[in-house]
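Visitor: Could you walk me through this structure while I have it open on my screen?
Guide: Gladly, and you can stop me or change the topic whenever you like.

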Amino acid sequence: MREGPDIARIASLVGDPARANMLNALMGGTALTASELALEAGVSLPTASSHLSKLMEGGLLTLASQGRHRYYGLAGPQVAGMIEAITGVAEAVGPKRVRPGPRDGAMRVARVCYDHLAGEQAVAMLDRLVEKDILLRDDREIRLGPSAASHFAAIGIDVDAKPRRPVCRACLDWSVRRSHLAGTLGAAILDKILQEKWARREKDSRAVIFSPPGKQAFERVFLS
């Protein structure tokens, strides 16, 4: 037996079609019940419960109870990053499934990736922040530039806090095949977009839909 991480075990957990659909459904950042995940996976509730037990045992999910309900969520941004990266590989080299058309187009423009913005708008935003030296990028590593704290403070985002996870992290975007911004800063920017009502979450989808004035405001703040 080779030493090191057991990649095959994680791959077998993610590789089952029903479990893959469940994990993808949780990429929107919303915790879901077993019944909701059964619908997403197209399986019965007992079968879904079996799949969820395996994902829990594998450390890919968390479980929270509220009253009589139990809610499942991804175990953290590392798991979300893995799912996004696998989606990118499947998009590049895998067989194509039938796509829903307009919604898929919206997903490519802007969507939620666990707790941060992904899609064409997110990639363009990271590129612009790097061009302006607000963020510094070295290969896959992203860090704050000297002016980052004051820049983000001016738009109501505090980057001086000391979170448990990285402030900046590159996350490979499956639709653009380049990186967008994850980490606590990426999450704070998505919160800002939604709080300002520049965009809204599309129901039953990860798509983020910008209003015309909201798109202008986003571009003025993050792309100009």
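**Around Thr47 and beyond**

Guide: Let me start with Thr47, which is found in helix H4, and add at once that what you see is a predicted model.

Visitor: Is Thr47 buried or exposed?
Guide: Thr47 counts as partly exposed, because its relative accessibility is 34%, and the band for partly exposed runs between 20% and 50%.

Visitor: How far is Thr47 from Ala18 in space?
Guide: From C-alpha to C-alpha, Thr47 and Ala18 are 9.3 Å apart, with their positions 29 residues apart in sequence.

Visitor: And Pro46, where does that one sit?
Guide: Pro46 lies in helix H4 as well, the helix of residues 45-57, and at 63% relative accessibility Pro46 counts as exposed. If you measure across the model from there, the C-alpha atoms of Pro46 and Ser179 are 38 Å apart, while the two residues are 133 apart in sequence.

Visitor: What angle do H3 and H4 pack at?
Guide: Helix H3, residues 34-41, packs with H4 at an angle of about 100 degrees, and their axes are 9 Å apart. The two helices are therefore roughly perpendicular to each other, since angles of 65 to 115 degrees count that way.

Visitor: Which residues make that contact?
Guide: On the H3 side they are Ala34, Ser35, Leu37 and Ala38, and on the H4 side Leu45, Ala48 and Leu52. Sorted by type, the residues of the contact of H3 with H4 come out as 6 nonpolar, 1 polar and no charged.

Visitor: Let's move to H1 and H2, then. At what angle do their axes cross?
Guide: The axes of helix H1 (residues 7-15) and helix H2 (residues 17-25) cross at roughly 85 degrees and come within 6 Å of each other, which makes H1 roughly perpendicular to H2.

Visitor: Which residues meet there?
Guide: Ser12, Leu13, Val14 and Gly15 of H1 meet Pro17, Arg19, Ala20 and Leu23 of H2. In the contact of H1 with H2, 5 residues are nonpolar, 2 are polar and 1 is charged.

Visitor: Changing topic to the backbone: what is the phi of Tyr114?
Guide: Tyr114 has a positive phi of about 65 degrees, although Tyr114 is not a glycine. Its place is in the loop between strand E3 (111-113) and strand E4 (116-118).

Visitor: And what about Asp133, what is its phi?
Guide: The phi of Asp133 is near 65 degrees, again a positive value in a residue other than glycine. Asp133 is in the loop between helix H7 (120-131) and strand E5 (135-138), and with a relative accessible area of 46% Asp133 is partly exposed.

Visitor: Zooming out, how many helices and strands are there?
Guide: The protein has 10 helices and 10 strands. Its C-alpha atoms fill a box of roughly 50 × 45 × 40 Å, taken along the principal axes.

Visitor: What radius of gyration does the protein have?
Guide: It has 18 Å, which agrees with the value near 17 Å that a compact globule of 224 residues would have.

Visitor: How much of the protein is buried, and how much area does it expose?
Guide: Of the 224 residues, 43% count as buried, and the protein exposes about 12400 Å², of which carbon and sulfur atoms supply 53%. As for contacts between residues at least 6 apart in sequence, 55% of them join residues at least 24 apart.

Notes
Residues numbered from 1 in each chain as written. Predicted model: local features only at pLDDT ≥ 70, side-chain atom pairs only at ≥ 80, totals over all residues. Heavy atoms only, no water. Axes fitted to C-alpha atoms, helices over the stretch in contact; angles between N-to-C directions. Helix = DSSP H or I, 4+ residues; strand = E, 2+ residues; numbered from the N terminus. Parallel < 35°, antiparallel > 145°, perpendicular 65-115°, else oblique. Contact = heavy atoms within 4.5 Å. Nonpolar A, V, L, I, M, F, W, Y, C, P; charged D, E, K, R; others polar. Rg over C-alpha atoms; globule rule 2.2 N^0.38 Å. Buried < 20%, exposed > 50% of the residue type's maximum accessible area, 1.4 Å probe, protein only. Areas by Shrake-Rupley, 256 points an atom, 1.4 Å probe, with all protein chains shown as cover.
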